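Reader: I'd like a close look at one part of this structure, a helix pair. Once that is clear, feel free to wander out to the rest.

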Amino acid sequence: MNIELHTLAEVQNVSGEEGNFTVTVKKAPRYVDMEKCIACGECAAKCPKKVDDEYQAGLSKRKAAYIPYGQSVPLKYALDGENCIMIQKGKCGACEQICPTQAIKFDDKEEILDVNVGSVILTPGFKAFDPVDLDYTYYKKTPDVVTSLEYERLLSASGPCAGHLVRPSDGKEPRKIAWLQCVGSRDINRCGNGFCSSVCCMYAIKQSVITAEHTTGDIDQTILYMDIRSHGKEFDKYYESAKKGGINFVQARPHTILPGPDGNGAIIQYADKSGNMVEEVYDLVVLSIGLQAPKDAQQLSQTVGFELNKYGFVEATSFEPVSTTKAGVFSSGAFNAPMDIPQAVTDASSAAANAAVMLAESRGSMTQDKVWPEERDIAGEEARIGVFVCSCGTNIAGTVDVKAVSEYASSLPGVTLVENNLFTCSTDTQDLIAAKIKENNLNRIVVAACTPRTHEPLFKETLKEAGLNEYLVEMANIRNQNSWVHQDNPEKATEKAKDQVRMAVAKAALLQPLSKMSVDVTQKAMVVGGGMSGMTSALGIADMGYDVVLLEKSDMLGGNAWALSKTWRGEEIKPEVEKLVAKVENHDKITILKKAMLKTAVGSVGNFVSEVDVDGETKAVKYGVAVVATGGKEYKPNEYAYGESDRVKTHLEFDKMLDSGATSSADSVVFIQCVGSRNEERPYCSRVCCTHTVESAIRLKEQKPEMSVFVLNRDIRTYGLREDLYTKARQLGVIFVKYTLDAKPQVSASGDSVSVKVADPMLGGRELDIKADYLVLATAIVPNETKELVELYKCATGDDGFLTEAHPKLRPVDLSVDGLFVAGLCHYPKPLDEAIGQAQAATSRAGVILARTELPLDSIKSEVTELCDGCALCVDTCPYNAISLESYEDKGKEHRRIVTDKALCKGCGVCMATCPKGGVEVNGFTMDQLKAQVTSALAGL
Amino acid sequence: MGEPAIVLEGGVKSAFKDKVMELLPEGGNLNMCLTCGLCSSGCPATGLEDMDPRKFLRMAMLGLDEEILKTDWVWMCTMCQRCIYACPMQINIPQLVYQARKTWKREDKPKGIIGSCDQAIRTEGNSAMGASSEDFKFVVEDILEEVCEEQESCKNLVAPVNKKGAEFFLNQNSREPVTEPDEMVPLWKILNYVGADWTYGTVGWAAENYCMFAAEDDDWEQVVRNKMKAVEDLGIKSWLNTE
């Protein structure tokens, strides 16, 4: 509603300055009237012209009248002017004849328009590397060598083979697949991409795991790699579980791929770690292609007037990671550097925060609120239930017989209409559901699809759009709880799906409309933690114009940043910390509480109240949102002679020596990576240590070129553009030696030296015995203690003690409790630029709430019934302190009963389960509704 | 592994690798190795003498000069350059091997290669097989005559020798005239078909240069200069060498 979408658009010119830009946009003709198009698809069905389908990586054809893919936004067809026969040759016009709404406009013209905006955010994405020039890969010369993007389509339910994986040469299901990593990345010879594309290791692992799920029987999958870079949150666990699941990880790089026997498959020859030649015939070979700057990056940078780095990505600093060199112009996502989805989504919020801070003065001056159609009163109506069964591509339909489930649903009492959709969540299906509700006068909806956790909000909107109360929808999760876990037993899965649908229908019949609720918002934020992340968030929120209370447990702001010397880009850190501290301390909207500890927290999104202990004194703080940035610290190891010899240091300890020049007397320094990380106790990658090590190694070599520097590592994970540092370190003569967990380096220290023994796999395991002056341990980053805070807010941490975000991809800076956001090391180890970016993202997310004076609440709340006798059992069990007792008079007698604070109640139902007499119920989950579900579940027994 | 541990004390001494780096543009990128093994995967000499290109470079980096300057493996490298062609860091392993060959005393180098180099120096045509220029000229003319007679389509085929002012001077690997003379004919046919004005010579006619493979730089240069002079003496602009 507050987003104006221009498709087929290209920026032609940008004039003006920060706060007042005029952007000239050229819109190519769509040849379809967007107002008239109803996306029925008749034009595409009739169109005689077939062209390569870009979305399917050219593996199948689309028509010249087309939509790029089923979930396209906006869902409106377009004519591809370069291929349309009518536009090119003046003959045909089939689409015009068939279109039921006269939406085709062959005479559509290019349009130039000026858009007046205060700030510009650039998100053009990336261009996938095209390996066609790497002749030794045989790509395009033999059919069964495909790129990872092509493979993604082959594997996808919405792809050219509908998710039933087949290889291009002969259409058979491949049984033996190899992935080749770093194709078009980390290569300065055959392409100029010296950087690491950062995401390919994870997508290759993901593809292999999904392949195993999409195929039957044993399948042989091998990933050939240089370093596995699973440096993101929870990624290493995924990698380890893929290994356990039978996927082969081979550290090797083939030279030439050759066509397989009879042109099917491909032959790969490689030298293994020890130099032994291995030859294998694979049914299919996937090239894990890298991410490059988008193809018109150069032009965009000239048009808008900002700088690019040598690889064509946006030039930025670590302290303003999403700001381009032109004021008021921000960028996010893979245009900044290759990055994964969680990082890109975070980045997007950071850019939004920067724009929001800049535009704070004019906030709200142009926005509009959504007006919903008036709700239809269904009181007294018989249940007329519509059931929508989703195929989810092949996610559900591949296992569950959705036709049979649909037929079964039609036989259930109260069901008026049943439909089966390929994707029930797609935009066109929403329109269809809304239309069906009106046509058939439906008053209850059941969606048999996936989880309400991610999709219920969407269907609620659809109901509102159709004039129904949003609580009249019930979901049956026949994907996560069925097709995904019963792939090996489709018949029983179908029966189970019928049970699930029957239960949902039984409950749906009893659903009642619930009235809307809202709370007033305290337009003030609390930030817990005064390190770089906390200060960045606090400053951003304050600059948006809201009051902020910043808590710092020590007596000094700045945190870990004081111990750091330079960023990976080489910028000095301390002056920036000083600047930020000064800005925060001098900001009239920020109240800083030092030596402060959070003691209590009550309330919920929009309205929190906390008691804070400030150096022994208790203060009460009211706030609407909080950003948690409690930080982390360097792990102190108990191995590799740490603590026994003063020649064995952690990174931060060694940095001090580097800063003072005390290291220049050394002739030999050894680094050991993954100390305390990626092991049984801490199975995560600490993300920053590899880059830190190569930076320190470079500094040593620059101080004293003749010094020997060794880095003993399991994988070097200098992801993204940090790879340049790894390259530089090698260039300077730093020697990298790989070790494995079952053959860790052996360290003995005596006097002024340390002896480190390690087997070099590149020499067939021959032992290196390195006599070093210093041993530096690249130790893990561990989160600061958050146990009390987690208990106060009822948020969550993962197994490793880092705070858990609401959704790793979709809501990467939201905590699971509404109104709480997370930034910095308490979320996961990360370098300074990413911590700052995340803190800005938290600012943006907090701003979404703070910008309102009133916040709508979910209506699933507990409510007292006339059976309550005030026994107060539920008061004690409520985990959110939402229930209290009140007195009332009835027939002259005083009684007690409970009352629920609607803002605090999460609708969890603990009260209802505790109450022995039905004195409290949760709306939307009443005893009758649940009973109907249970009875229905047992109906077949 | 039975081999002794490599003791690395205060400063890795890799005199040989450092010297080679000084000789090559960008140091031949010798320090840049990612140890990915792509070179070894594509090398025809991988596994011979328990060696492969990655291991060879690795040993050079660790300063194991004595071992790498002793291994016969350097003579098994074909100088095909497959490694540097696809190496992501464009590391000049062929030059590292070449420089290692250069450190060998002439008498210790493989007899076959050195012998071939010696023959080339000795003969007017620089033939590694020791073939004389008279024999070469005779074989060419003999084969040409035979082909012209036997194959109808080759009536007008030519294979000139010492034709002054021709457009191209063509070298010929001396293995063909000596052991497989018929093998020369296909190239003649191609040149004839495209209407090229070409010639063989009796001086510097042999294409091969084993002095290069022997890493005998002076002899290599002498052979090249002799061939160049032959081309110039005939007043020819372009020199075609098929090796």
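In which hand, left or right, does helix 8 of chain A cross helix 20 of chain A?

Author: Keep in mind that this is a predicted model. The crossing of helix 8 of chain A and helix 20 of chain A is left-handed. Helix 8 covers residues 341-358 of chain A and helix 20 covers residues 832-850 of chain A; their axes sit 7 Å apart and make an angle of about 65°.

Now for who touches whom. Helix 8 of chain A brings A:Thr346, A:Asp347, A:Ser349, A:Ser350, A:Ala352, A:Ala353, A:Asn354 and A:Ala356 to the contact. Facing them from helix 20 of chain A are A:Gly837, A:Gln838, A:Gln840, A:Ala841, A:Thr843, A:Ser844, A:Arg845 and A:Gly847. Sorted by class, that contact has ten polar residues, four nonpolar ones and two charged ones.

Stepping back to chain A as a whole, the domain assignment lists domain 1 (29-109), domain 2 (127-292), domain 3 (385-515), domain 4 (520-633 + 783-856), domain 5 (635-780) and domain 6 (862-922). As for spacing, 49 Å separates the C-alpha centres of domain 1 and domain 4 of chain A.

Chain A also meets chain B, and a sheet runs across that meeting. This open sheet has four strands in the order 38(A)-39(A)-40(A)-1(B), and its pairing is mixed. At its edges are strand 38 (746-750) of chain A and strand 1 of chain B, each of which pairs on one side only. On average, neighbouring strands in the sheet are turned by 20° against each other, ignoring direction.

The join between the chains is made by strand 40 (residues 766-772) of chain A and strand 1 of chain B, which run parallel and share four bridges. Along strand 1 of chain B, B:Ile6 is opposite A:Leu768, while B:Leu8 is opposite A:Ile770. In general, strands in a sheet pair through backbone hydrogen bonds, in either a parallel or an antiparallel way.

Beyond those strands, the contact between the chains draws 37 residues from chain A and 34 residues from chain B. On the chain B side, the elements giving two or more residues are strand 1 (6-9), helix 2 (38-42), helix 3 (53-61) and helix 5 (82-86). Helix 3 of chain B supplies the largest share of that side, with five residues. By class, the chain B side that touches chain A splits into 16 nonpolar, eleven polar and seven charged residues.

Methods: Residues are numbered from 1 along each chain as its sequence is written. Chains are lettered from A and ligands numbered from 1 in the order in which they are written. This is a predicted model: local features need pLDDT of at least 70, side-chain atom pairs count only at pLDDT 80 or more; totals for chains, interfaces and linings use all residues. Axes are lines fitted to C-alpha atoms, for helices over the stretch in contact, and angles run from 0 to 180 degrees between N-to-C directions. A crossing is left-handed if the near helix is turned anticlockwise from the far one by less than a right angle, and right-handed if clockwise. Two residues are in contact if their C-beta atoms, placed from the backbone, lie within 7 Å. Ala, Val, Leu, Ile, Met, Phe, Trp, Tyr, Cys and Pro count as nonpolar, Asp, Glu, Lys and Arg as charged, and the others, Gly among them, as polar. Two strands pair if DSSP finds at least two bridges between them. Domain bounds come from an automatic or database domain assignment.
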